[in-house]
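Hi,

Here is the structure I said I would pass on. Have a look at it first, and my notes on what turned up follow below.

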Amino acid sequence: MPHDAQGAAPGRETPPGPEKPPAPENPLTGGRSPWILVAIAGALAFTAMLDMNVVNIALATISTDLDVSPSMAQWAVLGYQLAVVSMLLPAGRWLDAGRGPGGPGGSAGGGGGVGLRSALLLAVSGFSVCGMLAALAPWMAWLAVARVAQGVFGALLFVLMPVLVMRAVPASMRGRAMSVPATLGPLGAVTGPAVGGVLLDAFGWRAVLLVKLPVCLVALVVVARVLPRHGGLTPPGRQPLTDAALVGGAVAALLLGLTLAPGVPAWLLLCLAAVPPLVWWTRRPAARPVVDVVRASGVAGVYGAVFALAAGFAAMHYVVALRLQSGGGLSATATGLTVLAFPLAMGLMGPLGGRLADRVGPRPTAIAGACVTAVGLTLLALTGDHWTQADIAWRLALAGAGMGLYGGPTQTLVMTAAPPRATGIAGSLVQLSRSLGFAMGPALAGAAWGLAGGADGARYGLVISAVAAWLCVLLLAARRGGAPGARSGRPEPEAAPAGTATAPAGGPEPGAAPEPGPEPKPEPAAR
């Protein structure tokens with residue numbers, strides 16, 4: 001019998017074996033729970049999307065109060081939306097351009113470049129200050145400029161949210177974590193008009209522009225206290241302004257042509273004006289990192305799927321709201337309660353989608369969710385001319401449940417397949433695809449409705465919504481070669497907790513798919 005076991009009395013603990021080294025703390029949160037940062041990311045995603053739609057309900061009041069035409073008052077919405085869409089890619093490139101070891105925010109060992117804490121404080125504080133300036137606007141030009149500036153900081157927020165979540169949690173929990181901002185963001189877009197209506201009736205249109213302040217103040221406090229002081233801010237230079245002008249000009253031409261087409265179909269030719277600036281942008285050096293990310297990740301079809309389902313969702317929301325009030329004879333309150341079935345089901349199924357993504361993989365979960373949404377939208381398009389609240393509500397709930405299953409896994413699939421030094425660009429691409437879909441969906445449905453007219457127009461708009469959802473399913477199911485995480489549908493296993501100091505610059509982050517290239521030669525075993 002071994003000597004150490006002979007002296008062990010019965011009932012006593014045997015001498016402990018070699019102790020396992022304690023798991024290193026995540027330098028982003030220290031000893032705190034990473035879900036604090038995930039909750040902040042979800043709240044900011046909800047607020048940024050809420051601010052994109054909450055002002056719509058107040059446009060008539062703004063037009064009267066500031067003594068401008070309704071078309072001029074639209075710039076309170078268009079200025080924000082165009083700035084967000086135009087600045088997403090430049091913001092992503094800016095975050096990735098100065099990355100030191102460990103990515104944005106710096107590793108535990110510190111590094112130069114854009115720090116995650118500094119970028120978040122800049123984005124949240126700028127977003128809040130511009131919102132206050134917009135609420136204080138004495139005339140329309142002031143309001144429009146403040147909303148454009150707010151959209152610039154909003155674009156930075158949209159890019160930072162998935163990066164923050166990805167660095168806050170280990171790879172085994174990313175599906176659940178990504179489902180939080182991916183679910184709350186669209187919920188903010190859906191609930192924006194309802195929240196805006198309540199504030200407008202109670203306090204006026206200026207209160208509508210201040211709705212984000214409480215969330216932003218809490219986020220500033222949490223970010224300042226939790227995130228470490230690694231990295232700073234680097235000047236972006238002049239190139240992002242040129243890129244934003246080209247992308248924004250192309251998007252503006254596209255949306256303007258689709259918006260004016262129902263009255264005069266010849267306005268569709270204006271969409272061709274979007275081609276030259278896009279071609280010019282693709283030939284600029286700024287486009288090379290974006291194209292490289294899409295090629296290296298192997299999930300180019302996923303970006304198209306995000307655009308397609310966002311367009312289908314926005315088209316459905318636009319058609320159903322108008323059809324229930326104009327054709328169904330429902331009040332605005334009854335319409336709002338009916339449409340509420342979609343976000344309620346989406347919110348309930350979002351956490352389940354994240355858990356399934358962690359267990360069976362993000363791609364199969366995303367495909368299943370997109371299929372459920374497509375079935376719900378197809379059943380909605382097949383509804384007859386006589387709509388009832390019950391008939392519409394359960395179809396909307398089915399589509400919303402699918403969106404809840406789909407959102408988080410899709411975000412996880414994109415972010416884990418991206419090269420480790422390009423998570424900012426990947427986040428900006430997926431949000432750009434989503435924002436373009438939200439903008440294009442109502443424009444396409446409105447053009448179809450205006451060109452067809454009557455009840456047939458509403459049906460054609462819903463058909464467009466269903467076709468877009470099924471297109472999303474096909475794009476998600478189509479797999480191409482790329483990063484291992486993209487092919488398998490699962491994130492690569494991590495070697496250390498997320499956010500820990502890892503290999504030197506250029507090495508993969510924990511849980512991220514490796515960059516394509518020749519396999520490294522095996523190092524000799526340590527003696």
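The lining of the second largest cavity sorts into 9 nonpolar residues, 1 polar and 1 charged. This is a predicted model, by the way, so please read everything here in that light. The space in that second largest cavity comes to about 90 Å³. If you want to click through its walls, pick A182, P186, V306, L309, A310, M346, M403, Y406, G407, R434 and F438. Helices α8, α14, α18 and α19 each put at least two residues into this lining.

Next, the bigger hole. The largest cavity has a volume of about 160 Å³, and 15 residues line it. Nearest its centre are A45, P181, Q411, Q431 and R434. So which helix gives the most to this lining? That would be α8, with 5 residues. At least two residues each come from α2 (35–53), α7 (140–168), α8 (174–203) and α19. By class, the lining of the largest cavity has 10 nonpolar, 4 polar and 1 charged residues. In total, the count is 4 cavities of 30 Å³ or more.

R434 is worth a click: this residue lines the second largest cavity, lies among those nearest the centre of the largest cavity, and is also part of the contact between α18 and α19.

About that helix pair: α18 covers residues 389–417 and α19 covers residues 423–452. They pack at an angle of about 145 degrees, with 9 Å between their axes, and the crossing is right-handed. On the α18 side, the contact uses Q411, V414 and M415; on the α19 side, T423, A426, G427, V430 and R434. Those contact residues split into 4 nonpolar, 3 polar and 1 charged. Q411 turns up twice too, in this contact and near the centre of the largest cavity.

Last, a pocket. The second largest pocket holds about 530 Å³ of space and has 21 lining residues, with L89, L278, W281, L432 and L436 nearest its centre. How many of the lining residues are charged? None: the split is 18 nonpolar and 3 polar. Here α19 gives the most, with 5 residues. The helices that each supply at least two residues to this pocket are α11 (239–260), α12 (275–282), α13 (287–297), α14 (300–326) and α19.

Cheers

Notes:
Residues numbered from 1 in each chain as written. Predicted model: local features only at pLDDT ≥ 70, side-chain atom pairs only at ≥ 80, totals over all residues. Heavy atoms only, no water. Axes fitted to C-alpha atoms, helices over the stretch in contact; angles between N-to-C directions. Helix = DSSP H or I, 4+ residues; strand = E, 2+ residues; numbered from the N terminus. Left-handed = near helix turned anticlockwise from the far one by under 90°. Contact = heavy atoms within 4.5 Å. Nonpolar A, V, L, I, M, F, W, Y, C, P; charged D, E, K, R; others polar. 1 Å grid on protein atoms, 1.4 Å probe; cavity = no way out; pocket = protein on both sides within 12 Å on 5 of 7 lines; lining within 4 Å. Points joined across faces, edges and corners; volume = space filled by probe spheres on them.
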